[in-house]
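Q: Could you take a close look at the charged side chains here? I'd like to know how they pair up and where charge is left unpaired.

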Amino acid sequence: MKVLFIGKDKDAYEVLNEVASLSQSEVIMAESLQEAKNIIETSKDIHGIVAFAKVDNLPTVQLLSILKRNEDLEDIPFIILAEDLTEDDKDYYKALGVTEVFEIPFNPLEIFLVITASLKDTKGEEVVKQILHETKKKKSLFARIIELLKKPFGIKSE
């Protein structure tokens with residue numbers, strides 16, 4: 001699965017990319033709306049978009065119009081990351097067509113669960129399985145995620 005991250009926060013990008021790598025997925029970073037627009041219009045294999053509410057003081061939701069105008073792109077889940085959200089803010093984003101809104105700090109695993117669930121609803125379970133390229137691993141995905149989440153807290157694996 002390929003996810004487009006729109007924002008300048010390299011730490012957020014790295015956390016998302018690390019969690020994505022657990023399922024053989026990747027996160028591509030775009031630091032401007034123009035760069036994101038170019039990636040969306042030229043890359044045919046973007047499966048989700050995670051964006052800060054604003055980049056360079058411009059609202060990232062304006063990219064939704066590009067997605068909605070193109071049949072191949074209209075089902076791409078679009079997730080907003082923002083600070084100090086009110087319920088009105090969340091309702092506003094949802095009314096615009098955003099898939100989900102997460103307040104910062106966010107749980108990266110939840111983001112991928114929302115993307116996967118949204119793709120499953122719009123494209124079907126078989127397509128999602130193909131996208132994720134399920135492979136046999138020595139450790140279960142859940143165990144690897146737990147290990148990843150332990151690192152920042154200094155918890156050692158047994």
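A: Let's start with Glu18, which counts as partly exposed because its relative accessibility is 39%; the label covers what falls between buried (under 20% relative accessible area) and exposed (over 50%), with a 1.4 Å probe and protein chains only. The areas themselves come from the Shrake-Rupley method with a 1.4 Å probe, and for residues only the protein chains shown count as cover.

Before going on, a word on the model: it is predicted, so local features need pLDDT of at least 70 and side-chain atom pairs count only at pLDDT 80 or more, while totals for chains, interfaces and linings use all residues. Residues are numbered from 1 along each chain as its sequence is written, and side-chain values use heavy atoms, leaving out hydrogens and water.

Glu18 sits in helix α1, residues 10-21; helices here are DSSP runs (H or I, at least four residues), strands are E runs of at least two, and both are numbered from the N terminus. On the surface, Glu18 joins Asp9, Asp11 and Glu14 in a patch of negative charge. Such a patch takes residues with over 30% relative accessible area and no salt bridge, joining like charges within 9 Å. Asp and Glu count as negative, Lys and Arg as positive, and His and the chain ends are not counted. A charge is placed at CG of Asp, CD of Glu, NZ of Lys or CZ of Arg.

Now for the paired charges. The whole structure holds seven salt bridges, each a side-chain nitrogen of Lys or Arg within 4 Å of a carboxyl oxygen of Asp or Glu.

Helix α1 has a hand in one of them: Lys10 bridges to Glu31, with the closest N and O atoms 2.7 Å apart. Lys10 lies in helix α1 and Glu31 in the loop between β2 and α2 (33-42), so this pair ties together parts that are 21 residues apart in sequence. Lys10 is partly exposed at 43% relative accessibility, and Glu31 is partly exposed too, at 31%.

Another bridge runs from Lys2 to Glu26, where the closest N and O atoms are 3.8 Å apart. That one links distant parts of the chain, with Lys2 in strand β1 (residues 2-6) and Glu26 in strand β2 (residues 26-30), 24 residues apart. Lys2 counts as buried because its relative accessibility is 18%, whereas Glu26 is partly exposed at 37%.

Finally, Lys120 pairs with Glu125, the closest N and O atoms being 3.8 Å apart. Lys120 is partly exposed at 41% relative accessibility, and Glu125 is partly exposed at 41%. As for shared partners, salt bridges join Lys2, Glu26 and Asp45 into one network.

Note on methods. Patch = residues over 30% accessible without salt bridge, like charges linked within 9 Å, V, L, I, M, F, W, Y side chains within 5 Å.
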